[in-house]
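Thanks for asking me to look this one over. Here are my notes, set out as numbered points so you can follow along with the viewer open.

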Amino acid sequence: MERGIWCFIVKKKLPKIIYFDLDGTLFDNSEIVVDAYYSGMIGLGYISKPRTFISTLNGKSTIETAKALGLKKQDWKNLDEWFWEFFGGYCAEVEDVELIPYTEEVLNHLKKNKVRMGIITSNSSKNADLLLKKAGFRDYFEIIVGKEDITKLKPNPDPILYALNEMNFKNKSNEVWMVGDTIYDVQAAKNANVTSIGIPQNHTYDDVKNLKPDLFFESMKGFYEYIKFL
(Lines give C-alpha, C1' and ligand atoms only; values in the text may rest on other atoms or scores of the structure.)
Protein backbone atom coordinates (compact mmCIF):
# COMPACT_ATOMS: atom_id res chain seq x y z
CA MET A 1 0.00 0.00 0.00
CA GLU A 2 1.29 3.40 -0.96
CA ARG A 3 2.10 5.68 1.95
CA GLY A 4 2.28 8.80 -0.21
CA ILE A 5 4.76 10.93 -2.08
CA TRP A 6 7.16 13.14 -0.20
CA CYS A 7 8.28 16.11 -2.27
CA PHE A 8 10.98 18.15 -0.59
CA ILE A 9 11.44 20.25 -3.72
CA VAL A 10 8.61 20.54 -6.22
CA LYS A 11 9.66 19.85 -9.81
CA LYS A 12 7.43 21.08 -12.61
CA LYS A 13 8.89 19.43 -15.71
CA LEU A 14 10.92 16.48 -16.86
CA PRO A 15 14.69 16.95 -16.80
CA LYS A 16 17.06 16.74 -19.74
CA ILE A 17 18.85 13.70 -18.26
CA ILE A 18 17.88 10.99 -15.78
CA TYR A 19 20.42 8.57 -14.32
CA PHE A 20 19.20 5.35 -12.73
CA ASP A 21 20.81 3.00 -10.29
CA LEU A 22 20.45 -0.58 -11.51
CA ASP A 23 20.01 -3.25 -8.84
CA GLY A 24 17.06 -2.66 -6.55
CA THR A 25 15.95 0.31 -8.64
CA LEU A 26 15.24 -1.13 -12.10
CA PHE A 27 15.85 -4.82 -11.44
CA ASP A 28 14.75 -6.94 -8.50
CA ASN A 29 17.91 -8.97 -7.90
CA SER A 30 17.52 -9.12 -4.14
CA GLU A 31 17.31 -12.91 -3.89
CA ILE A 32 20.39 -13.36 -6.08
CA VAL A 33 22.33 -10.98 -3.84
CA VAL A 34 21.33 -13.02 -0.79
CA ASP A 35 22.30 -16.25 -2.58
CA ALA A 36 25.71 -14.81 -3.45
CA TYR A 37 26.54 -13.78 0.11
CA TYR A 38 25.06 -16.93 1.65
CA SER A 39 27.13 -19.21 -0.58
CA GLY A 40 30.16 -16.93 -0.18
CA MET A 41 30.20 -17.26 3.58
CA ILE A 42 29.97 -21.04 3.38
CA GLY A 43 32.59 -21.17 0.62
CA LEU A 44 34.99 -19.14 2.76
CA GLY A 45 34.52 -21.45 5.72
CA TYR A 46 32.04 -19.43 7.80
CA ILE A 47 28.73 -20.44 9.29
CA SER A 48 26.38 -18.34 7.23
CA LYS A 49 24.08 -15.77 8.77
CA PRO A 50 20.33 -16.35 8.22
CA ARG A 51 19.06 -15.32 4.80
CA THR A 52 16.59 -12.95 6.47
CA PHE A 53 19.50 -11.04 8.04
CA ILE A 54 21.53 -11.00 4.82
CA SER A 55 18.54 -9.52 2.98
CA THR A 56 18.59 -6.47 5.27
CA LEU A 57 22.09 -5.66 3.99
CA ASN A 58 21.01 -5.23 0.35
CA GLY A 59 22.24 -1.87 -0.90
CA LYS A 60 25.49 -1.93 1.06
CA SER A 61 28.85 -2.34 -0.65
CA THR A 62 30.42 -5.80 -0.60
CA ILE A 63 33.04 -4.66 1.90
CA GLU A 64 30.44 -3.15 4.24
CA THR A 65 28.43 -6.34 3.91
CA ALA A 66 31.47 -8.45 4.76
CA LYS A 67 31.96 -6.39 7.92
CA ALA A 68 28.29 -6.70 8.88
CA LEU A 69 28.43 -10.46 8.32
CA GLY A 70 31.35 -10.71 10.75
CA LEU A 71 34.02 -11.84 8.31
CA LYS A 72 37.65 -11.43 9.25
CA LYS A 73 39.36 -8.53 7.52
CA GLN A 74 41.56 -10.82 5.43
CA ASP A 75 38.39 -12.31 3.90
CA TRP A 76 36.67 -9.06 2.94
CA LYS A 77 38.31 -8.97 -0.49
CA ASN A 78 37.67 -12.69 -0.93
CA LEU A 79 33.95 -12.18 -0.36
CA ASP A 80 33.99 -9.25 -2.80
CA GLU A 81 35.56 -11.44 -5.49
CA TRP A 82 33.17 -14.31 -4.73
CA PHE A 83 30.17 -12.02 -4.91
CA TRP A 84 31.01 -10.53 -8.30
CA GLU A 85 31.89 -13.90 -9.82
CA PHE A 86 28.58 -15.30 -8.57
CA PHE A 87 26.59 -12.28 -9.72
CA GLY A 88 28.33 -12.23 -13.10
CA GLY A 89 27.40 -15.87 -13.62
CA TYR A 90 23.78 -15.05 -12.84
CA CYS A 91 23.73 -12.16 -15.31
CA ALA A 92 25.20 -14.36 -18.04
CA GLU A 93 22.84 -17.29 -17.47
CA VAL A 94 19.50 -15.76 -16.46
CA GLU A 95 16.88 -15.71 -19.21
CA ASP A 96 13.95 -13.90 -17.63
CA VAL A 97 15.15 -10.89 -15.66
CA GLU A 98 12.77 -9.47 -13.07
CA LEU A 99 12.02 -5.78 -13.44
CA ILE A 100 10.75 -3.70 -10.56
CA PRO A 101 7.02 -3.15 -11.25
CA TYR A 102 6.30 -0.08 -13.41
CA THR A 103 9.89 0.17 -14.65
CA GLU A 104 8.75 -0.48 -18.21
CA GLU A 105 6.12 2.26 -18.02
CA VAL A 106 8.65 4.74 -16.61
CA LEU A 107 11.30 4.04 -19.24
CA ASN A 108 8.84 4.13 -22.12
CA HIS A 109 7.41 7.44 -20.93
CA LEU A 110 10.86 8.99 -20.64
CA LYS A 111 11.93 7.71 -24.05
CA LYS A 112 8.72 9.03 -25.61
CA ASN A 113 9.51 12.44 -24.13
CA LYS A 114 13.11 12.32 -25.39
CA VAL A 115 14.70 12.35 -21.94
CA ARG A 116 18.33 11.19 -22.16
CA MET A 117 19.00 8.28 -19.83
CA GLY A 118 22.02 6.61 -18.25
CA ILE A 119 22.92 3.97 -15.68
CA ILE A 120 25.08 4.76 -12.65
CA THR A 121 25.80 1.49 -10.85
CA SER A 122 28.22 -0.07 -8.41
CA ASN A 123 27.72 -3.25 -10.41
CA SER A 124 29.93 -3.81 -13.45
CA SER A 125 29.13 -2.23 -16.80
CA LYS A 126 29.25 -5.71 -18.33
CA ASN A 127 26.59 -7.05 -15.97
CA ALA A 128 24.43 -3.97 -16.49
CA ASP A 129 24.74 -4.30 -20.25
CA LEU A 130 23.71 -7.97 -20.11
CA LEU A 131 20.69 -7.37 -17.90
CA LEU A 132 19.45 -4.40 -19.92
CA LYS A 133 19.80 -6.34 -23.18
CA LYS A 134 17.87 -9.29 -21.76
CA ALA A 135 15.14 -6.94 -20.56
CA GLY A 136 14.99 -5.25 -23.97
CA PHE A 137 16.00 -1.80 -22.72
CA ARG A 138 19.69 -1.48 -23.57
CA ASP A 139 19.03 0.99 -26.38
CA TYR A 140 17.20 3.32 -24.00
CA PHE A 141 20.41 4.19 -22.20
CA GLU A 142 23.05 6.46 -23.66
CA ILE A 143 25.71 5.54 -21.12
CA ILE A 144 26.48 2.95 -18.42
CA VAL A 145 28.95 3.85 -15.69
CA GLY A 146 29.97 0.79 -13.68
CA LYS A 147 32.50 -0.07 -11.02
CA GLU A 148 35.29 -0.65 -13.53
CA ASP A 149 34.82 2.72 -15.22
CA ILE A 150 35.57 5.01 -12.31
CA THR A 151 37.87 4.97 -9.28
CA LYS A 152 35.47 6.40 -6.69
CA LEU A 153 31.98 4.93 -6.58
CA LYS A 154 28.73 6.27 -5.09
CA PRO A 155 28.26 8.16 -2.75
CA ASN A 156 31.17 10.02 -4.38
CA PRO A 157 29.88 12.34 -7.13
CA ASP A 158 32.50 11.18 -9.66
CA PRO A 159 30.31 8.59 -11.45
CA ILE A 160 27.63 11.20 -12.15
CA LEU A 161 30.14 13.88 -13.12
CA TYR A 162 31.93 11.40 -15.38
CA ALA A 163 28.64 10.52 -17.10
CA LEU A 164 27.76 14.18 -17.61
CA ASN A 165 31.17 14.84 -19.14
CA GLU A 166 30.86 11.84 -21.47
CA MET A 167 27.41 13.05 -22.54
CA ASN A 168 28.78 16.56 -23.09
CA PHE A 169 26.22 18.12 -20.76
CA LYS A 170 26.92 21.06 -18.49
CA ASN A 171 25.36 20.30 -15.14
CA LYS A 172 22.26 22.20 -14.10
CA SER A 173 20.79 20.69 -10.95
CA ASN A 174 17.16 20.93 -12.04
CA GLU A 175 17.90 19.39 -15.45
CA VAL A 176 19.62 16.24 -14.18
CA TRP A 177 17.99 13.66 -11.91
CA MET A 178 19.55 10.66 -10.15
CA VAL A 179 17.11 7.87 -9.21
CA GLY A 180 18.03 5.17 -6.72
CA ASP A 181 16.95 2.97 -3.84
CA THR A 182 19.78 3.54 -1.33
CA ILE A 183 21.44 6.33 0.61
CA TYR A 184 24.45 6.03 -1.71
CA ASP A 185 22.34 7.11 -4.68
CA VAL A 186 20.85 10.05 -2.80
CA GLN A 187 24.22 11.12 -1.41
CA ALA A 188 25.88 10.86 -4.82
CA ALA A 189 23.18 13.08 -6.31
CA LYS A 190 23.53 15.65 -3.56
CA ASN A 191 27.32 15.60 -3.84
CA ALA A 192 27.10 16.09 -7.61
CA ASN A 193 24.54 18.89 -7.19
CA VAL A 194 21.83 17.15 -9.21
CA THR A 195 18.24 16.41 -8.22
CA SER A 196 18.01 13.35 -5.95
CA ILE A 197 15.11 10.91 -6.37
CA GLY A 198 14.64 8.27 -3.66
CA ILE A 199 12.61 5.12 -4.34
CA PRO A 200 13.65 2.84 -1.47
CA GLN A 201 13.23 -0.84 -0.79
CA ASN A 202 11.55 -1.79 2.48
CA HIS A 203 14.84 -2.17 4.34
CA THR A 204 16.25 1.14 3.02
CA TYR A 205 13.06 3.14 3.54
CA ASP A 206 13.92 5.02 6.74
CA ASP A 207 17.54 5.75 5.82
CA VAL A 208 16.64 7.11 2.38
CA LYS A 209 13.71 9.16 3.68
CA ASN A 210 15.82 10.66 6.46
CA LEU A 211 18.30 11.99 3.90
CA LYS A 212 15.47 14.10 2.46
CA PRO A 213 15.97 13.52 -1.26
CA ASP A 214 14.43 16.19 -3.48
CA LEU A 215 11.67 13.76 -4.41
CA PHE A 216 10.74 10.63 -2.45
CA PHE A 217 8.41 7.92 -3.70
CA GLU A 218 7.12 4.73 -2.10
CA SER A 219 7.55 2.77 -5.32
CA MET A 220 8.34 2.98 -9.02
CA LYS A 221 4.58 3.13 -9.55
CA GLY A 222 4.45 6.33 -7.53
CA PHE A 223 7.30 7.76 -9.58
CA TYR A 224 5.47 6.87 -12.80
CA GLU A 225 2.23 8.47 -11.57
CA TYR A 226 4.22 11.64 -10.93
CA ILE A 227 6.21 11.89 -14.18
CA LYS A 228 3.39 10.93 -16.53
CA PHE A 229 1.82 14.35 -15.96
CA LEU A 230 5.05 16.27 -16.64
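1. A residue counts as buried when its relative accessible area is under 20%. Alanine 188 has a relative accessible area of 0%, so alanine 188 is buried. Please keep in mind that this is a predicted model.

2. Where does alanine 188 sit? You will find alanine 188 in helix 8, which spans residues 183-191. Once neighbours within four places in sequence are set aside, the contacts of alanine 188 are Lys154, Pro155, Asn156, Pro157 and Ile160. For proline 157, the C-alpha to C-alpha distance to alanine 188 is 4.9 Å, although the two residues are 31 apart in sequence.

3. The rest of helix 8 is worth a look too. Its buried residues are Tyr184, Asp185, Val186, Ala188 and Ala189. What do the buried residues of helix 8 pack against? The partners are helix 3 (62-68), helix 7, strand 5 (176-180), strand 6 (195-198) and helix 9 (205-210). After helix 8 comes asparagine 193, which has a positive phi, near 60 degrees.

4. Now to the charged pairs. How many salt bridges are there? The count comes to eight. One of helix 8's own residues takes part: aspartate 185 and lysine 154 meet through their side chains in a salt bridge, at 2.6 Å from N to O. Aspartate 185 belongs to helix 8, while lysine 154 lies in the loop between strand 4 and helix 7, and 31 residues separate the two. Both aspartate 185 and lysine 154 are buried.

5. Lysine 154 has another partner, aspartate 21, with a salt bridge of 2.9 Å, N to O. This pair links distant parts of the chain, 133 residues apart: aspartate 21 is in the loop between strand 2 (17-20) and helix 1 (30-43), and lysine 154 in the loop between strand 4 (143-145) and helix 7 (158-166). Aspartate 21 is buried, as is lysine 154. Taken together, Asp21, Lys154 and Asp185 form a linked network of salt bridges.

6. For a pair with other surroundings, try aspartate 35 and arginine 51, a salt bridge whose closest N and O atoms are 2.7 Å apart. Aspartate 35 is in helix 1 and arginine 51 in helix 2 (residues 51-55), so this salt bridge ties together parts 16 residues apart in sequence. Are these two side chains buried or partly exposed? Aspartate 35 has 26% relative accessibility and so counts as partly exposed. Arginine 51, with a relative accessible area of 33%, is also partly exposed.

7. Finally, a helix pair. The axes of helix 5 (residues 103-112) and helix 10 (residues 220-227) come within 9 Å and cross at roughly 25 degrees. Angles under 35 degrees count as roughly parallel, and helix 5 and helix 10 are therefore roughly parallel to each other. The crossing of helix 5 past helix 10 is left-handed.

8. Which residues make this contact? From helix 5 come Thr103, Glu105, Val106, His109 and Leu110, and they meet Met220, Phe223, Tyr224 and Ile227 of helix 10. Sorted by type, the residues of the contact of helix 5 with helix 10 are six nonpolar, two polar and one charged.

Key
Residues numbered from 1 in each chain as written. Predicted model: local features only at pLDDT ≥ 70, side-chain atom pairs only at ≥ 80, totals over all residues. Heavy atoms only, no water. Axes fitted to C-alpha atoms, helices over the stretch in contact; angles between N-to-C directions. Helix = DSSP H or I, 4+ residues; strand = E, 2+ residues; numbered from the N terminus. Parallel < 35°, antiparallel > 145°, perpendicular 65-115°, else oblique. Left-handed = near helix turned anticlockwise from the far one by under 90°. Contact = heavy atoms within 4.5 Å. Nonpolar A, V, L, I, M, F, W, Y, C, P; charged D, E, K, R; others polar. Salt bridge = Lys/Arg side-chain N within 4 Å of Asp/Glu carboxyl O. Buried < 20%, exposed > 50% of the residue type's maximum accessible area, 1.4 Å probe, protein only.
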